[in-house]
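Please look through the sequence and the structure below before reading on. The briefing that follows starts from one term and then goes through the model topic by topic.

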Amino acid sequence: MVRRPVAWVAAIVLFVEAIGIALLNWFLGVVVDRQDMSLAGLDSDMMSVSSKVGGLVFGLYFAACGFAALLVALRDRAPRLFGRILLISAAVVHALLGAFTVGLVGWGAFAFMMVVLGLIVFTLMAYDRREATGGPADAAPEDGKNGDNGGGAPVAAPPAPSAS
């Protein structure tokens, strides 16, 4: 099956992306701090600190998303509510970042964002499909009644309405 390896790859990519985003913003904060210039009258120290804090927060967010994908890979089960919310929000963030990077950075960055988006969406959809089409949650009950009306006979459809 392909589900589990894709969830592993998604988790690894999200962890690497978390480190990359945090380091990139930290580097930008250091550059702004060493330039000692202002942008439209803003304090350069404030811009430096806000870049570092933003990178840390965004990095922690991607790390949390990576942890949710890691739990999916380890358990081989769909994420619970909070994990699902994290992964869906990460998919939306990657779609938006892909739209922005195509103009700012280029098609290579866009392709990377779309690959990560695909990994996240595949992870979410593959595990949902498994549980909806006969996974462990849909197993037959132990008493042998198979979840029907108890007598073993199928339930008949209601009669069609008559045109009177």
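A residue is called buried when its relative accessible area is under 20%, exposed when that value is over 50%, and partly exposed in between. With that cut-off, the buried residues of helix α1 are Arg-3, Val-6, Ala-7, Ala-10, Ala-11, Val-13, Leu-14, Glu-17, Ala-18, Ile-21, Asn-25 and Gly-29. Please keep in mind that this is a predicted model.

**The chain as a whole**

- The protein chain contains 4 helices and 0 strands, and from the N terminus on its elements follow the order α-α-α-α.
- Of the 164 residues in the protein chain, 29% are buried.
- The protein chain exposes about 10800 Å², and carbon and sulfur atoms supply 71% of this area.
- If one takes the contacts between residues at least 6 apart in sequence, 66% of them join residues at least 24 apart.

**Two helices and their lengths**

- Helix α1 has 33 residues, which at 1.5 Å a residue should span 48 Å, and this agrees with the 47 Å that separate its end C-alpha atoms.
- Helix α3 has 24 residues, for which the expected span is 34 Å, and its end C-alpha atoms are indeed 34 Å apart.
- In helix α3 the buried residues are Gly-83, Leu-86, Leu-87, Ala-90, Ala-91, His-94, Gly-98 and Thr-101.

**The nonpolar core**

- In soluble globular proteins, nonpolar side chains tend to be buried together.
- In this model the largest nonpolar core has 26 residues, and those with the most contacts inside it are Leu-14, Ala-69, Leu-87 and Ile-120.
- The elements that each give two or more residues to this core are α1 (3-35), α2 (44-75), α3 (81-104) and α4 (107-132), and the largest share, 8 residues, comes from α1.
- Once its neighbours within four places in sequence are left aside, Ala-69 is in contact with Ala-7, Ala-10, Ala-11, Leu-14 and Leu-87.

**A buried serine**

- Ser-48 has its place in helix α2, and because its relative accessibility is 3%, this residue counts as buried.
- Which residues is Ser-48 in contact with, leaving aside its neighbours within four places in sequence? They are Gly-29, Val-32 and Asp-33.

**A nonpolar patch on the surface**

- Ile-88, Val-92, Leu-96, Phe-100, Leu-104 and Val-105 form a nonpolar patch on the surface, and together they have about 650 Å² of accessible area.
- Leu-96, one of the patch residues, is located in helix α3, and with a relative accessible area of 48% it is partly exposed.

**Backbone angles outside the helices**

- Most residues other than glycine have a negative phi.
- Asp-76, which is not a glycine, nevertheless has a positive phi of about 55°, and this residue lies in the loop between α2 and α3.
- Is Asp-76 buried or partly exposed? Its relative accessibility is 22%, so Asp-76 counts as partly exposed.
- Asp-36, which follows α1, has a positive phi near 55°, while Gly-106, just after α3, takes a positive phi of about 135°.

Note on methods: Residues numbered from 1 in each chain as written. Predicted model: local features only at pLDDT ≥ 70, side-chain atom pairs only at ≥ 80, totals over all residues. Heavy atoms only, no water. Core = buried A, V, L, I, M, F, W, Y, C linked by side-chain atoms within 4.5 Å. Buried < 20%, exposed > 50% of the residue type's maximum accessible area, 1.4 Å probe, protein only. Contact = heavy atoms within 4.5 Å. Patch = residues over 30% accessible without salt bridge, like charges linked within 9 Å, V, L, I, M, F, W, Y side chains within 5 Å. Areas by Shrake-Rupley, 256 points an atom, 1.4 Å probe, with all protein chains shown as cover. Salt bridge = Lys/Arg side-chain N within 4 Å of Asp/Glu carboxyl O. Expected span 1.5 Å × (residues − 1).
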